[in-house]
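User: I'd like to go through this structure and ask why things get the labels they get. Can you walk me through it?

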Amino acid sequence: MLGRVSLFLVLPLALAGCASIEGVYLPDCEAYAGSEIRLEAGRFHWSKFTDQVKLDEDGNHIDPFPGFPREGAYAVDHKTVTLTSASGEAPEILHLRKQGGAVYLLTNAEHAAVVGGADIPRCALKRQVPATKK
């Protein structure tokens, strides 16, 4: 009986921990190129964007981001987020950082710099706050 009660208490807390990082992450600056990562219900969608258009010799558009968008599952272990793509690319490791009420997803290099005392980079991916309905 105690095991069942514990499961009912622990499961909502575990799910709440995941839900607290869910949302849309975009660069925290005006960006003309970058990533958008959506985390929802244990799944991710990662797309890239740019305002630059490249053409080949025949005038055909060149895909600036082959292999994107990517989709798959994500898992959280403490403050590390692992994105595992359904199409078989190597897993991507990102790091959660909460600061000033905001939640950021940092790359390994960004995370190492912040741990070393640097500020969060100006264009780091930041969870967007949904607009409130009027």
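Analyst: Sure, let's take the labels one at a time. This is a predicted model, where local features need pLDDT of at least 70, side-chain atom pairs count only at pLDDT 80 or more, and totals for chains, interfaces and linings use all residues. Residues are numbered from 1 along each chain as its sequence is written, and side-chain values use heavy atoms, with hydrogens and water left out.

User: What makes Cys 29 and Cys 123 a disulfide?

Analyst: The rule asks for a pair of cysteine sulfur atoms within 2.5 Å. The sulfur atoms of Cys 29 and Cys 123 are 1.8 Å apart, so the pair qualifies. The structure holds one disulfide. This pair links distant parts of the chain, 94 residues apart: Cys 29 is in the loop between β1 and β2, and Cys 123 is in the loop between α2 and β8. (Helices are DSSP runs of H or I with at least four residues, strands are runs of E with at least two, and both are numbered from the N terminus.)

User: Why is the disulfide of Cys 29 and Cys 123 called right-handed?

Analyst: Because the torsion about its S-S bond is about 115 degrees.

User: Is Cys 29 buried or exposed? And what is Cys 123?

Analyst: Buried means under 20% relative accessible area, exposed means over 50%, and partly exposed is in between (1.4 Å probe, protein chains only). Cys 29 has 18% relative accessibility, so it counts as buried. Cys 123 has 34%, so it counts as partly exposed.

User: How do you know that β2 and β3 pair?

Analyst: Two strands pair if DSSP finds at least two bridges between them. Eight bridges join β2 (residues 33-40) to β3 (residues 43-50), so they pass. They run antiparallel, and Arg 38 stands opposite His 45 in β3. His 45 also has a bridge partner in β4, Glu 71; β3 and β4 pair in the antiparallel sense over four bridges.

User: What makes the empty space a cavity?

Analyst: On a 1 Å grid over the protein atoms alone, a cavity is a set of points where a 1.4 Å probe fits but cannot get out. The count comes to one cavity of 30 Å³ or more. Lining residues have an atom within 4 Å of a point, and among them here are Phe 44, Trp 46 and Arg 70.

Note on methods:
1 Å grid on protein atoms, 1.4 Å probe; cavity = no way out; pocket = protein on both sides within 12 Å on 5 of 7 lines; lining within 4 Å. Points joined across faces, edges and corners; volume = space filled by probe spheres on them.
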